[in-house]
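Me: I've got this one open in the viewer and would like to go through it with you. Could you help me read it?

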4 protein chains.
Amino acid sequence: MSSGSTFKRLPRAVREQQMLDAAVRVFSRRGYHAASMDEIAEDAGISKPMVYAYLGTKEELFVACLHREGTRMMQAIAAAAAPELPADERLWRGLRAFFGFVGAHRDGWAVLYRQARGEQPFAGELATMRARLVEVVAGMLDHALRAEGREVAGTELEVVAYALVGASESLADWLADHPEADPERTATRMMNVAWLGAGQLLRGVTWQPPQR
Amino acid sequence: MSSGSTFKRLPRAVREQQMLDAAVRVFSRRGYHAASMDEIAEDAGISKPMVYAYLGTKEELFVACLHREGTRMMQAIAAAAAPELPADERLWRGLRAFFGFVGAHRDGWAVLYRQARGEQPFAGELATMRARLVEVVAGMLDHALRAEGREVAGTELEVVAYALVGASESLADWLADHPEADPERTATRMMNVAWLGAGQLLRGVTWQPPQR
Amino acid sequence: MSSGSTFKRLPRAVREQQMLDAAVRVFSRRGYHAASMDEIAEDAGISKPMVYAYLGTKEELFVACLHREGTRMMQAIAAAAAPELPADERLWRGLRAFFGFVGAHRDGWAVLYRQARGEQPFAGELATMRARLVEVVAGMLDHALRAEGREVAGTELEVVAYALVGASESLADWLADHPEADPERTATRMMNVAWLGAGQLLRGVTWQPPQR
Amino acid sequence: MSSGSTFKRLPRAVREQQMLDAAVRVFSRRGYHAASMDEIAEDAGISKPMVYAYLGTKEELFVACLHREGTRMMQAIAAAAAPELPADERLWRGLRAFFGFVGAHRDGWAVLYRQARGEQPFAGELATMRARLVEVVAGMLDHALRAEGREVAGTELEVVAYALVGASESLADWLADHPEADPERTATRMMNVAWLGAGQLLRGVTWQPPQR
DNA sequence: CATGAATGAGGATTCATTCAT
DNA sequence: TATGAATGAATCCTCATTCAT
């Protein structure tokens, strides 16, 4: 009645965001299981049935959280690591965006991530996100390789990328637990580990297990 | 008549191991929360009260699992990576032992590890183990550094070590999820990432963030 | 259609009273330990979770019963024994109110009282109530004393009051166990014991242990 | 073999006493329900099956405790209050013996008594003991009455006796809770309350409720 | 739209009690 | 005799989820 627009459903969208905010807070504070729908509803300043009406079951709610936070993070990274940049530049910017994001959403995203790993229902959701990251990183490595006229089997690349992503996640955990730590600095450290190691690989230097 | 009775009235030590075996299985199958003491007892072929009598509360039981598996793993690694070996040799053997262990205890240790990360009560226990690993790895790096006449701030070393451990854990997760994968091969890959990257660092090569 | 539905969706205050009623019944029937929350809920015609939601833990529930019944009783006594009356009149009216209350709430209050004495968690709660009663009685005695120009050490008075209260409690137990007995009559008997004995004391008559 | 006596069963009797000692300790420390057979066995320095073999079920064990302590107390009182003494002397000696017993067995008997009141299975046992006491006290009163050429209905006497016993029990509870208090002194106080009140009654002095 | 009222279902934990050695 | 091993049976309590207003 107040505006001519036919949409009067915006409030709903707003409410949903509030709920997700609350859910993220509570899930991160308590962990998935220890979090109760009661607490989430209360933290959102709304009654429980509303939460169910809007976001569905506890599991669905958690997935929604995962989704929103994951998407935000991926977008932050994607926006920073534009494909037209050189590989090292992309990696660096990507890492900086990643750790920046984690630093800014410490108790939120980092703990959500930590939660999702343990609970089977969300393994898939998380694996998908991680796979996207791995793919991106592998792509960077491949790009750099080709630029130097080299080539490495896809599987090989993927495993390396997987390791790099894993290292980053661990440092992110560490960062999330150390409020005084500087995200940018953490990114630099990770870049050192990643790029120097990967760089060697790209150059064909490999370490060989000693013949026993 | 003497050996006919199938499985009854075993000595405590034996039953405790059976229970721990069952607990590891069930925790890894279901996750910490979804696992019920009923199922664990049943899987161990014993009644619930015995579990409580011998291993205590669900939380204590989980800690006991963590402990046993963690100790086994640390011993496997320690036995392989003798301190008198040169640093790269130590690292390599340690990694091989680590991935070998994970490969052999796939559904056990790897998933336990995965569980322990998520649940606050066990964060401490796990952090301790991880810290020991990080310390060992940092020690290797430091050793190698000094052998080359170089030196790096302890904190710096630790962060690198942390990243390497994190990468290894990620690959271990991956290994645990891919029954067909070869532990040794995974170890080799990790060694490549670790040693080449770390090697560069040790030699004073560092990557610098571009001045923006 | 409007008044047809038998018993559903009542306001909280009502349900709480129903639950307390049921709890008093069951606790008195079975004793604190033997009473199960299941039985209480069933007797209240409601599901267990509601009991927990409204009145909390079994212990808290019992305390709530204690509280309600205790308050009711104290009010009954206080209303009857107005402070401006002469001491013997007050004592008499107080006793009459007390035994009247017990007679009317036989299976309720009397047995609750009986329960609370045995269980350590409630000792405090009960001691407080009893202390209030003792204080009131001691006050009556003191008042009467002063009216006659006499004085007795506070401790001494308190012990006498304690004994009188104890005697009343015992008779109350007896009354609770004898449905055919008349509360008023019991009160008269108690008054006889109390007032005559106390009266003597107040007059300075004391009994002395024989020198051995 | 060592002594000629055919009885080699004495050890059993000794063991039973040890167990009862332990049981009394534990029951009084924890209360009937909170006491566990495990703790009792441990406190007795013996294995659980032994306790069952000797003293039977937990309930039976408690009854046995009740019995032993009750008997001891009644004997102490009976021994002190010889029937040939004058009534006041008997009452005084009986009270002194009673409070003396409670003072000496504070945590034992007093708490047992406290326990037995609450639990239905033992109500009977306790009622019997109390009835004996009441009977004895009523007998004293009756005796004194007749000595003065008076007579009172049995019921009436009983109620007065009941009140006196109740008052004594309350003071005993109080005594059990105040380790520094002197049993003899407590007995004197009780005697004052009892004898003066009863004395009046015996003399035909009665208090009458005001005609309303 | 919004909520207080209500519950089914399930999980941890404890104990008295009894075999089998 | 004496005991370590073992369990059936309860009981408390919590939570996700849904009506009825």
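Reply: What follows goes through the two DNA strands, then a chain-to-chain contact, then salt bridges, and the model throughout is a predicted one.

Me: OK, DNA strand E to begin with. How many residues surround it, and which are the closest?
Reply: DNA strand E has 34 residues around it, and the closest are B:Arg9, C:Arg9, C:Arg15, C:Pro49 and D:Lys48.

Me: What share of the strand E atoms within 4 Å of the protein belongs to sugar or phosphate?
Reply: For DNA strand E, 54% of the atoms within 4 Å of the protein belong to sugar or phosphate, and the rest belong to bases.

Me: Which side chains have an N or O atom by a phosphate oxygen there?
Reply: Among them is D:Thr57, with a side-chain N or O atom 2.6 Å from a phosphate oxygen of DNA strand E. For B:Tyr52 the corresponding distance is 3.1 Å, and a polar side-chain atom of A:Ser47 also lies 3.1 Å from a phosphate oxygen of that strand.

Me: And which helices supply at least two residues each of the surface near strand E?
Reply: Helix H3 (48-55) does so in chain A, in chain B, in chain C and in chain D, and helix H1 (12-30) of chain C does so as well. By class, the residues of that surface divide into 17 nonpolar, six polar and eleven charged.

Me: What does UniProt list for residues 36-55 of chain A?
Reply: The UniProt entry, which is unreviewed, lists residues 36-55 of chain A as "DNA-binding region". In the model, that segment of chain A is 80% helix and 0% strand, with its end C-alpha atoms 15 Å apart.

Me: Now strand F. Which residues come nearest to it?
Reply: Of the 33 residues around DNA strand F, the nearest are B:Arg9, B:Arg15, B:Pro49, C:Arg9 and C:Lys48. Sugar or phosphate accounts for 55% of the strand F atoms within 4 Å of the protein, with bases making up the rest.

Me: What about phosphate contacts on that strand?
Reply: A polar side-chain atom of A:Lys58 lies 2.7 Å from a phosphate oxygen of DNA strand F. Polar backbone atoms also come into it, with that of B:Arg12 at 3.1 Å from a phosphate oxygen of the strand and that of C:Ala35 at 3.3 Å.

Me: Which helix gives the largest share of the surface near strand F?
Reply: That is H3 of chain D, which gives four residues. The residues of the surface near DNA strand F divide into 17 nonpolar, six polar and ten charged.

Me: Switching topic: how much area do chains C and D bury between them?
Reply: Chain C and chain D bury about 3,900 Å² between them, with 63% of it on carbon and sulfur atoms. On the chain C side, H1, helix H5 (87-104), helix H6 (106-118), helix H8 (154-177) and helix H9 (183-202) each supply at least two of the residues that touch chain D. That side of chain C has 19 nonpolar, 13 polar and 13 charged residues.

Me: How many salt bridges and polar contacts are there between C and D?
Reply: The count of salt bridges between chain C and chain D is zero, while five residue pairs are in polar contact, both residues being at pLDDT 80 or more.

Me: And how many salt bridges over all chains?
Reply: The count is 67 over all chains. One example is A:Glu39 with A:Arg29, whose closest N and O atoms are 3.4 Å apart. This pair links distant parts of the chain, since A:Glu39 sits in helix H2 (residues 37-44) and A:Arg29 in helix H1 (residues 10-30) of chain A, ten residues apart.

Methods
Residues are numbered from 1 along each chain as its sequence is written. Chains are lettered from A and ligands numbered from 1 in the order in which they are written. This is a predicted model: local features need pLDDT of at least 70, side-chain atom pairs count only at pLDDT 80 or more; totals for chains, interfaces and linings use all residues. Side-chain values use heavy atoms; hydrogens and water are left out. A residue is near a molecule or strand if one of its heavy atoms lies within 4 Å of it. A polar contact is a pair of N or O atoms within 3.5 Å; within protein, one must be able to donate a hydrogen and the other to accept it, and residues adjacent in sequence count only if both atoms are side-chain atoms. Ala, Val, Leu, Ile, Met, Phe, Trp, Tyr, Cys and Pro count as nonpolar, Asp, Glu, Lys and Arg as charged, and the others, Gly among them, as polar. UniProt positions are given in the numbering used here, feature names are shortened, and annotations may be inferred rather than shown by experiment. Buried area is the accessible area (1.4 Å probe) that two parts lose on being put together, summed over both. A salt bridge is a side-chain nitrogen of Lys or Arg within 4 Å of a carboxyl oxygen of Asp or Glu.
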